[in-house]
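I opened my notebook to keep track of what I looked up. Have a look at the structure alongside me.

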Amino acid sequence: MLAVKTNNPTTLTEEIQIKIREVMEQYPAGKSKSALLPVLHIVQDENAGWLSVEAMEKVAELMGLRPIEVYEVATFYSMYNLKPVGKFLLEVCRTGPCAIMKGEWLIDYLKKKLKIDIGETTVDGVFTLKTVECLGACGYAPMMQIGEYYYEHLNSEEKVDKLLEDFRMKGFNKN
Ligand code: FES
């Protein structure tokens, strides 16, 4: 089951700051920028699944970096969210092999079913729809990631409906 943290997304709690320092200590002195990817994951996981400008500025301050260095990384990688997301983030692969295997249908169906566009969240705050590049599961296309898990062969309305219903009702789906 996915746990949704509800810390204030504009702050870094003392607990988060301790975790950040622990990660930074794993890198050589003067190379703290190398810790930025795991640090941003920590902040995002602890702050309701997204990175606010305020949180990124505090990360920069804590790590001795310029804010722009943090923004550059956070905006480059699709795994970081720069605005609030729903309880469950649907990350649908839009790359070639998935597209050939009904990936475009899957994206269109989710848009229609959830009544949202890419990058939007359902009115009940449950689902956010996002498209991403290849997730390395091309042989199981079309697919999407929800939380830490992959959901594959999503090539029919029945499969997608069941998946969404399981998440909406139970907070998870067992493949
Ligand atoms: S193309 Fe979709 S997982 Fe690789």
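**The sheet.** I began with the sheet: it is open, made of 4 strands in the order 2-1-3-4, and its pairing is mixed. Helices and strands here are DSSP runs numbered from the N terminus, with at least four residues of type H or I for a helix and at least two of type E for a strand. Two strands count as paired if DSSP finds at least two bridges between them. At the edges I found strand 2 (127–132) and strand 4 (149–151), and each pairs on one side only. From one strand to the next, the twist averages 25 degrees.

I noted that this is a predicted model, in which local features need pLDDT of at least 70 and side-chain atom pairs count only at pLDDT 80 or more, while totals for chains, interfaces and linings use all residues. Residues are numbered from 1 along each chain as its sequence is written.

**Pairings.** How do strand 1 and strand 2 pair, parallel or antiparallel? They pair in the parallel sense, over 6 bridges. I found L89 opposite T128 in strand 2. Strand 3 (residues 144–146) runs antiparallel to strand 4, and 3 bridges join them. There I found Q145 opposite Y150 in strand 4.

**Strand 1 up close.** I checked burial next; a residue is buried if 20 or more other C-beta atoms lie within 10 Å of its own, exposed if 12 or fewer, and partly exposed in between, with C-beta atoms placed from the backbone. In strand 1, 6 of the 6 residues are buried, so the strand is largely enclosed by the rest of the structure. F88, L90 and V92 point one way, L89, E91 and C93 point the other way, and all are buried.

**Helix 5.** I saw helix 5 (residues 96–114) lying across strand 1 (88–93) and strand 2, at about 150 degrees to strand 1. For such angles, axes are lines fitted to C-alpha atoms, for helices over the stretch in contact, and the angles run from 0 to 180 degrees between N-to-C directions.

**Odd backbone spots.** Most residues other than glycine have a negative phi, and most peptide bonds are trans. I jotted down K102 since its phi is positive, about 75 degrees, although it is not a glycine. K102 sits in helix 5, and it is partly exposed, with 17 other C-beta atoms within 10 Å. K115 also has a positive phi, about 60 degrees, and is not a glycine. I found K115 in the loop between helix 5 and strand 2, where it is exposed, with 9 other C-beta atoms within 10 Å. Which residues does a cis peptide bond join? It joins A141 and P142, with omega about -5 degrees. P142 is in the loop between strand 2 and strand 3.

**T122.** I then looked up T122, in the loop between helix 5 and strand 2. It has 18 C-beta neighbours inside 10 Å, so T122 counts as partly exposed. Leaving aside neighbours within four places in sequence, T122 is in contact with G86, L114, I116 and F127. Contact here means that the C-beta atoms of two residues, placed from the backbone, lie within 7 Å. T122 and V85 are 37 residues apart along the chain, and their C-alpha atoms are separated by 9.6 Å.

**Helix pairs.** Helix 1 (residues 14–24) and helix 2 (residues 36–46) pack at about 160 degrees, with axes 9 Å apart. That makes helix 1 roughly antiparallel to helix 2. My key for these words: under 35 degrees is roughly parallel, over 145 roughly antiparallel, 65 to 115 roughly perpendicular, and the rest oblique. I listed I16, K19, I20 and V23 of helix 1 as making the contact with P38, V39, I42, V43 and E46 of helix 2.

Helix 3 (residues 53–63) and helix 4 (residues 67–76) have axes that come within 8 Å and cross at roughly 125 degrees. They are therefore oblique to each other. Here M56, E57, V59 and A60 in helix 3 meet P67, E69, V70, Y71 and A74 in helix 4.

**Domains.** Last, I looked up the division of the chain: domain 1 (14–76) and domain 2 (88–170). These bounds come from an automatic or database domain assignment. Taken over C-alpha atoms, the centres of domain 1 and domain 2 are 29 Å apart.
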